[in-house]
Amino acid sequence: LWFRFSAAALLVSALLGAHRIRLHKINRHRIKLQNQVERRTQELSTANTDLEIQRKEIDAKNAELNQHKFKLEQRVDQRTSELRKALEQAQLADELKSSFLENMTHEIRTTMNAIIGFLNLMQETNTTAKEQSEYFRIINSSSNSLLTLIDDILDLSTIESGATRL
């Protein structure tokens, strides 16, 4: 009986010892896993903090870029407005130049027609000396007017090109 009792006690002790060793290993493994979890949690927390800092930097840079974009858009709008005004002025100048050329052409043609017309009249054989003298006076006057007009055009051209200052 003592043998059976001792064998049963020994078996129970062995089982309890094995169970205790198993629990000890499980506790060590649990502590090891807890340490890993804490370390990983700390790493993730640090990574989250770094990411938050980077996000704030990115947000600041985005805000700065948006400010630059806004300023550039304002400058583009301003330059576009200036260019539109310059285009309008250029179109007005072109219209004025066209009008000027029309007037100059008219003035030149009028005087040339007077010269040519009176020369044709002088070629007719039935004109008197008095009429021819009057025609010569008109041709001379028209020629002088044409010469003055051409001189004015040349003067205007040199002033416009910047070669002459007023």
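Reader: What makes M104, T111, I115 and M122 in helix 1 count as buried?
Author: Buried means under 20% relative accessible area, with exposed over 50% and partly exposed in between (1.4 Å probe, protein chains only). M104, T111, I115 and M122 of helix 1 are buried by that rule. Please keep in mind that this is a predicted model, where local features need pLDDT of at least 70, side-chain atom pairs count only at pLDDT 80 or more, and totals for chains, interfaces and linings use all residues. Residues are numbered from 1 along each chain as its sequence is written, and side-chain values use heavy atoms, leaving out hydrogens and water.

Reader: What covers the buried residues of helix 1?
Author: The cover includes helix 2 (129-161), where contact means heavy atoms within 4.5 Å.

Reader: What makes residues 2-123 a helix?
Author: Helices are DSSP runs (H or I, at least four residues), strands are E runs of at least two, and both are numbered from the N terminus. The protein has 2 helices and 0 strands.

Reader: Why is the protein called more spread out than a compact globule?
Author: The radius of gyration, taken over C-alpha atoms, is set against a globule rule of 2.2 Å times the number of residues to the power 0.38. For 166 residues the rule gives 15 Å, and the protein's value is 55 Å, well over that, so the protein is more spread out than a compact globule. Its C-alpha atoms fill a box of roughly 180 × 35 × 20 Å along the principal axes.

Reader: How many of the 166 residues are buried, as a percentage?
Author: Buried residues make up 6% of them.
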